[in-house]
Amino acid sequence: MNLSTKLTIAALLMSGVSTQVLAQQQTVTVMAYAGLFQERYTKAVVEPFMKANPGIKVEYFPMPNSAQMLGTLRAQKAAPQADVVIMDVSVSKAATDEKLFNKIDEKVSKNVADLYPNARIADVDGVAVTFDNLVMLYNGDAVKDAPKSWMDLAKPEYKGKVAIPGMPDIQGLSLVLIMDKARGGTNYLQNVDKGIAALGEIAPSVQTWEPKPEVYPVIISGQAVIGAGWNARAQVNADTSGGKLKTALPQEGSVFQINTINYVANGPGKDAGAKFIDYALSPEAQKAFTESMFYAPTNAKAQISEAAIARTAVKSMDKVIPVDWIALAKVRDPIMEQWRRKVIPLSR
Amino acid sequence: MSAATAIAPALPPRRSRLGLIVALLAPIALINAIGFLAPVLNLARMSFYEVEPTGAMREVYTLATWAKLVTDSFYAELIVNSVSVSLGITLLTLVCSYPIALYLHRSSGTWKTILLVLVISPLLTSAVVRTYGWIAILSDSGLVNNALGALGLPPQRMMFNLTGVTIGLTEILMPYMILALLAGFGRLDPRIEEAASTLGAPPFTIFRRIILPLTVPGIALGCLLCFVLAVSSFITPKLLGGGRVFLLATEIYDQAIVTLNWPLAATLSILVLVIFGGALVLYTRALRAIL
Amino acid sequence: MTDQSTAPGQGLNGAAGEGFLSIRGLTKRYAGFTAVDNFDLEVPKGELVAFLGPSGCGKTTSLRMIAGLVPATAGRIVVGGQDLTTVETHRRDMGLVFQSYALFPHMSIARNVAFGLEMRKVPKDEITRRVKEAIALVHLTGKEEHKPAQLSGGQQQRVALARALVIRPSILLLDEPLSNLDAKLRDEMRNEIRDIQKSLGITAIFVTHDQGEALTMCDKVVVMNEGRLEQVGTPVDLYERPKTAFVASFVGRTNRLKAVAKDGAAEFAGQRVPAAGLSGPVEVMIRPHRIALSPAASGEGIAGTIARAIFSGDILQYDVDVGGQIVSVELATRGGETVLAPGTQVSLSWRPQDIFVYGAAA
């Protein structure tokens, strides 16, 4: 074999090899929350996924909130850049209505069959990937005994030191729903007067309805000493603050906030997106993330450690009030008006 | 006369001069069209889209959002509130800035440079950082209330309400007002003040009859600038308002980011643009009346 | 001819302010230098007095101290028997005309002129009448509603004058009011101002660096140099009897020649000139047109050689070399004379009262 033939064969072999390698290298773009969520999700889910799938690269595209994710999806409709989106369930509904997603069912991932019933939401193409719940927050140095009721927020000793993210934020809305039920309200979709009245009692004690940058540092620093927040972030902040921040699940109960995972239609990664979704819904990914950030898992088969389970609402499901966020969206405006007319004026 | 025309360069004939003007204006017109006009027109179009309570938007036209704006008294209150709060803040900023600007105008040399740097340096810090600074100063356990407590005086609620927003926004806007005023002080001449003095005008009359009228162009400019900045400010009211201060800008933010009613956010944005247009018209009318 | 001039340093400390405007020991000191040093002056009512001197001599500072715009470091300012030294500017009842006119740009001419009357709370109809008069006085009737920017420099100056006069001030102060005008306008305005001042009988102070202005307009001239009063007197006094070298050379043209004085006389080109009380180096001054020139043969005066001859129509000027120094001689032309050529020997002579001798710095 002369030199030129050898070189030709070598070139052919190499091109063959490289196309094979190229055929295997895929990229999945995941659009999800920035900050703490990004940090923990990457470690718990993204990295193990990449390890198990050497041919797939995951690009994490962080966004500050669900609304901006929707805006990005809308802008990119003609040529989507993302494959997988993790966002709040109500935003996911909007995106579904705008036909931005493919439906996630057993064909996309077998794990869908193992999800809790309330993880699959009607008329939404995505499925729940995390559950979070509202908890009471307090500064361990200033408040000695763990509060037992949400109405402890109205106690005179906390006057001017209460920090609650108020409406239109879901946390304020959640508190209205919780108290409405606790005081005998029967249909929150029609009437939440009792809940509004309860918030009206808490209102005079509130220092701020918009703790910035978040409610957790405000309570840790002592600027406020008691308030409400999301469990997952509260647990992480409790650890990082050396125990200064404490949480409590009051007797009136709580509500779930649902983050869904969604499959973008015509995404660049093609079926790699489905592979990622499948992994994200798997028991091991769910276990890893729950134990890292204390969101309640959506896969019933996930084997969570006892220590982690205790810090989520999994064992207190009976205290969780079911909320149809999609239907609630229709009456959100009238509730907001009541908030403005009846709660705010009482607040200092 | 003939000597003058012989020296002046010959101007190109009318038509190619027009072409030259168009060519020179074309780049900025293009940038303006792409960066400003197109998005605003897009926004205007979006205000007519249909939207579901969940936030899903359809490219179908409806007057529902505009109707809501007109019929719901909350929005009328919002507009009145935003305009009056912004006017109040503008006035407060003017009153606080005028003496500083006048003093700066009258100083000279190194001292003037130092003062100018002090006035402008807050602009080098982000408005967010400065706003947090105000929280530290005005909150219930902040500097001012600590001082009041030490003096045996009762604590004042100056933060997470309209008071906090007013004070914070005024301070943030002062550098802009001072610079605008300084630009307008060019017409002031110490000799004119001296002339008024020799004619029998005591200091306050000189201020009222001479200085103030002469500086009206600077005042008008500063007020326009600060009014526009105040109406469009949403970070400071959100951080300092404690969820109690409802302004157009905060409402736009909430509708766009939290409740996802983009058509409503677009409608309110167009409304803000209309308010700006109105302010600009008032400004030009006022200037024409004075000068 | 009585000598009404005052020598420098000789204040009127004895007399208790005979003038309508009495300035005693007025001084202004800044850190490092003295702008006005011990200025004394008495100005009778109705007189137009010029403060004359080069820039930086303190004339404007003195005027501004009289107006109250600059606080005096020391001294007293008394007007009509009233001590105004510590009174604020707006209560001094003076009218000031600025070099830059300082009209109020945002007001019409009529309102500019009315301003001082408004400050004095004069009733409205009287204001209208007096403003009309004042504007007519400066020949600007018809321009009442114009704004200052629409007027020419000369017109603006007249408005400034009207504005200062309409209030009938006790004293009218003018700070180089004509410096910004062209020559022709300056001449016109000079006469107008003088006429108005005389017809109103108003006491006025006129600051200028132009000796021609001072001499032609004013009753008395105060010559100032480096903050100090050099001489006060009528224009004739200053011209004919200058008390210091500075006044002699500042007012009118003069030759400046060097000589040495000994035993009360200075020897200059073979002639002895009286120099009472002086010894050492002196300056000898004589005006060019007070020198008579005759051919050398006449034997009178001092001998010199013509260095240059300059014919300029009205004047025939000879630069004559006398003992190494050049003496300029000006002769009025009469027609028909021969211009002497350079190198011609000539004789120069003068009257004793036309030659001044002053001590010179070494």
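The questions below ask how some descriptions of this predicted model rest on its computed values. Residues are numbered from 1 along each chain as its sequence is written, and side-chain values use heavy atoms, with hydrogens and water left out.

Q: How do you know that the span of helix α14 of chain B agrees with what is expected?
A: The expected span is 1.5 Å times one less than the number of residues, which for the 29 residues of α14 (residues 262-290) gives 42 Å, and the end C-alpha atoms are 42 Å apart, so the two agree.

Q: What makes the approach of Asn261(B) to Leu264(B) a polar contact?
A: The term asks for a pair of N or O atoms within 3.5 Å, one able to donate a hydrogen and the other to accept it, and residues adjacent in sequence count only if both atoms are side-chain atoms; at the start of α14(B), a side-chain oxygen of Asn261(B) lies within 3.1 Å of the backbone nitrogen of Leu264(B).

Q: Why are β7 and β8 of chain C called paired?
A: Two strands pair if DSSP finds at least two bridges between them, and 5 bridges join the parallel strands β7 (residues 171-175) and β8 (residues 203-208), with Leu172(C) opposite Ala204(C).

Q: What makes β6 and β10 of chain C edge strands?
A: In the open sheet of 6 strands, ordered β6-β7-β8-β3-β9-β10 with mixed pairing, β6 (94-97) and β10 (228-233) each pair on one side only.

Q: What is the confidence in chain C?
A: On pLDDT, the predictor's confidence in each residue from 0 to 100, chain C averages 87, with 93% of the residues scoring at least 70, whereas residues 1-17 are below 50. Where pLDDT is low, the predicted coordinates should not be read in detail.

Conventions: Chains lettered and ligands numbered in written order. Predicted model: local features only at pLDDT ≥ 70, side-chain atom pairs only at ≥ 80, totals over all residues. Helix = DSSP H or I, 4+ residues; strand = E, 2+ residues; numbered from the N terminus. Contact = heavy atoms within 4.5 Å.
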